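Here is a quick walk through one protein model, written for someone who would rather be at the bench. Have the sequence and the 3D view open as you read.

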Amino acid sequence: MNPADEILDIVDENDRVVGQSPRGEAYARGLRHRCVFIEARDADGRIFVHRRTPAKLVFPSRYDMFVGGVVGAGESYDDAALREAQEELGVPDLPRPTYLFKFLYDDGAGHSWWSAVYEVRCTTEVRPQPEEVAWHDFLTEDDLRPRLDSWEWVPDGLAAHARLAAHRAAG
């Protein structure tokens, strides 16, 4: 199936379903929907970082420190987090990601989605999905930090990263 044809639940400012739409139409019309962000770490605690492929509908060729994507119509956040992490990492037996928190991402320019943030430990070799991931590596926090200002990142991932840091600092 063409990703633009995938049916999404359209939600309001309180994350209540108010309709459904194909993904391509939801993006084109700026319809609020649901997404998941999963921070994947390897056995050494390093963070999976990747560059998206040029074919992505949103934020092509940008870097991200999360795997994830849209929540399909009728799908739960938890099920979407597991599906997306397994698909993008190429690890079919990945443990279920742990839910951390949810926030409304809105850039004021037509990109708005409820964003559920998760974490998962991936202790086996990853085989990232070539349709999704153009480049990848596992980076330490110290390796990631200076790249936040020098690489072109997906803006929703940067927002999730900042909120995750605040979430962890609050303990």
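Below comes the overall picture, followed by a handful of residues worth a look.

First, the ground rules. This is a predicted model, so local features need pLDDT of at least 70 and side-chain atom pairs count only at pLDDT 80 or more, while totals for chains, interfaces and linings use all residues. Residues are numbered from 1 along each chain as its sequence is written, and side-chain values use heavy atoms, with hydrogens and water left out.

**The overall picture**

The protein has 4 helices and 9 strands; these are DSSP runs numbered from the N terminus, with helices (H or I) of at least four residues and strands (E) of at least two. Going along the sequence, you meet them in the order β-β-α-β-β-β-β-α-β-β-β-α-α. The radius of gyration is 15 Å, close to the 16 Å that the globule rule gives for 171 residues, so the protein is as compact as a globular protein of that length. Here the radius is taken over C-alpha atoms, and the rule is 2.2 Å times the number of residues to the power 0.38. Along its principal axes, the C-alpha trace spans about 40 × 35 × 30 Å.

How much of the protein is buried? Of its 171 residues, 47% count as buried, meaning under 20% relative accessible area, with exposed being over 50% and partly exposed in between (1.4 Å probe, protein chains only). The protein exposes about 8,400 Å², and carbon and sulfur atoms supply 48% of that; the areas come from the Shrake-Rupley method with a 1.4 Å probe, and for residues only the protein chains shown count as cover.

As for contacts (heavy atoms within 4.5 Å), residues 24 or more positions apart account for 61% of those with a separation of 6 or more.

**Cysteines**

There are 0 disulfides in the structure, a disulfide being a pair of cysteine sulfur atoms within 2.5 Å. Cys35 counts as buried at 8% relative accessibility, and Cys122 does too, at 2%.

**Two aromatic residues**

Tyr27 is in helix H1, residues 23-29. Its C-alpha is 8.1 Å from that of Val58, which is 31 residues away in sequence. Neighbours within four places aside, Tyr27 contacts His33, Leu57, Val58 and Val70.

Trp153 sits in the loop between helix H3 (141-147) and helix H4 (155-170). Is Trp153 buried or exposed? At 5% relative accessibility, Trp153 counts as buried. The C-alpha atoms of Trp153 and Asp64 are separated by 5.8 Å, though the two are 89 residues apart along the chain. Again leaving aside neighbours within four places, the contacts of Trp153 include Val49, Arg62, Tyr63, Asp64 and Met65, along with Leu144 and Leu158.

**Two loop residues with positive phi**

Most residues other than glycine have a negative phi. Here are two with a positive value:

| Residue | Phi | Loop | Relative accessible area |
|---|---|---|---|
| Asp15 | near 65° | between strand S1 (7-11) and strand S2 (17-22) | 8%, buried |
| Ser61 | about 60° | between strand S4 (47-52) and strand S5 (63-64) | 32%, partly exposed |

So much for the tour; the residues above are easy to pick out in the 3D view.
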